[in-house]
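Could you walk me through this structure stop by stop? I have it open in my viewer and would like to know what to select next and what is there.

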Amino acid sequence: MLLIKLDDQGGIARYPYTLRMLKNDHPNVSLPNNPDDATLAALRAARVQTVPRPTGDVVTEGQPELVDGIWQQAWEVRKFTPEEIEQQRLASIPGSISPRQARLALLHANLLSQVDPAIESLESPAKEQAQIEWEYATSIERESEWINQLGSALGLDSAGIDELFVAAAGI
């Protein structure tokens, strides 16, 4: 049961407000577990009618609104900000993938056959490091410098590498 505590003018004093809070505010009053509206009104409280949660990017519960004499739950809906969209995008990029996942993602992107020539095109010592990592790594870390160098040699920018990691994680 959703409740609201009312101030002397009938406005919102506290929300959310629970039956336990109401009992604590009135310790000398014996209250049933489901008090009627008249009892609640006498104690400056009111029932809040639930309203289905709407859909949207960011949905938060606002202060209840008085509609035709009934307090109703209210929702605030807004679009994601560009910063929130970027945070979600970054959160979806795995920090590491298995070599199997990497090879399959590269195969699906028609890039697997270009990996060895791309490694060969790197300058020492990056070339040797990338070759060792490619052949022997037990996991491939997104933030590894060799991944950025290899991605660049494959013609991928940072977003392209990110997309491959996301695709690989789904394999």
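## Starting in the sheet

Begin by selecting lysine 5 and alanine 45: alanine 45, in β3, is the bridge partner of lysine 5. Before going further, please keep in mind that this is a predicted model.

Now stay on lysine 5 and look towards β2, where arginine 14 stands opposite this lysine. With those residues highlighted, widen the selection to whole strands. Strand β1 covers residues 2–6 and is joined to β2 by three bridges, the two running antiparallel. Strand β3, residues 45–49, is linked to β1 by four bridges, and this pair is antiparallel too.

For another pair to click on, take leucine 3 and tyrosine 17: the tyrosine, in β2, is the bridge partner of the leucine. Then follow the chain through the hairpin of β1 and β2, which has five residues between the strands. Stop at glycine 10 in this hairpin, where phi is positive and near 90°.

## The whole sheet

Next, colour all the strands. What is the order of the strands in the open sheet? Reading across, you will find β2-β1-β3-β6-β5, five strands with mixed pairing. Residues 12–17 (β2) and 65–67 (β5) mark the edges; each of these strands has a single partner, so one side of each is left without a neighbour in the sheet. Turn the view a little and compare the strand directions: neighbouring strands are turned by 40° against each other on average, direction ignored.

A general reminder may help while you look. Strands of a sheet pair through backbone hydrogen bonds, either parallel or antiparallel.

Now move to the β5 edge. Strand β6, residues 70–72, pairs with β5 in the antiparallel sense over three bridges. Select glutamate 65 and you can find glutamine 72 of β6 standing opposite.

## Two proline stops

Go back to β2 and select proline 16, which is found in this strand. The peptide bond joining tyrosine 15 to proline 16 is cis, with omega at about 0°.

A second stop of this kind is proline 125, in the loop between α5 (115–121) and α6 (126–136). Here a cis peptide bond joins serine 124 and proline 125, again with omega about 0°.

## Where two helices cross

Select helix α4, residues 99–108, together with helix α8, residues 158–169. Their axes come within 8 Å and cross at roughly 115°. Angles from 65 to 115 degrees count as roughly perpendicular, and α4 and α8 are therefore described that way. The crossing of α4 and α8 is right-handed.

Show the side chains at this crossing. On the α4 side are Gln101, Ala102, Ala105 and Leu106, and they meet Leu164, Ala168 and Ala169 of α8. The residues of this contact divide into six nonpolar, one polar and no charged.

Zoom in on glutamine 101, which has its place in helix α4. Is glutamine 101 buried or exposed? Its relative accessible area is 16%, and buried means under 20%, so glutamine 101 counts as buried. Leaving out residues up to four places away in sequence, glutamine 101 touches Ala168, Ala169 and Ile171.

## Out into the loops

Continue with arginine 44, found in the loop between α2 and β3. Arginine 44 has a positive phi of about 55° although it is not a glycine. With a relative accessible area of 45%, arginine 44 is partly exposed.

Asparagine 110 makes a good next selection, in the loop between α4 and α5. Its phi is near 60°, a positive value in a residue other than glycine. Is asparagine 110 buried or exposed? Asparagine 110 is exposed, with a relative accessible area of 61%.

## Last stop

Finish at histidine 26, in the loop between α1 (19–25) and α2 (37–42). Histidine 26 is partly exposed, and its relative accessible area is 23%. Add serine 113 to the selection and zoom out until both residues are in view. How far apart in space are histidine 26 and serine 113, C-alpha to C-alpha? They are 76 Å apart, and 87 residues separate them in sequence.

Key:
Residues numbered from 1 in each chain as written. Predicted model: local features only at pLDDT ≥ 70, side-chain atom pairs only at ≥ 80, totals over all residues. Heavy atoms only, no water. Pairing = 2+ DSSP bridges. Axes fitted to C-alpha atoms, helices over the stretch in contact; angles between N-to-C directions. Parallel < 35°, antiparallel > 145°, perpendicular 65-115°, else oblique. Left-handed = near helix turned anticlockwise from the far one by under 90°. Contact = heavy atoms within 4.5 Å. Nonpolar A, V, L, I, M, F, W, Y, C, P; charged D, E, K, R; others polar. Buried < 20%, exposed > 50% of the residue type's maximum accessible area, 1.4 Å probe, protein only.
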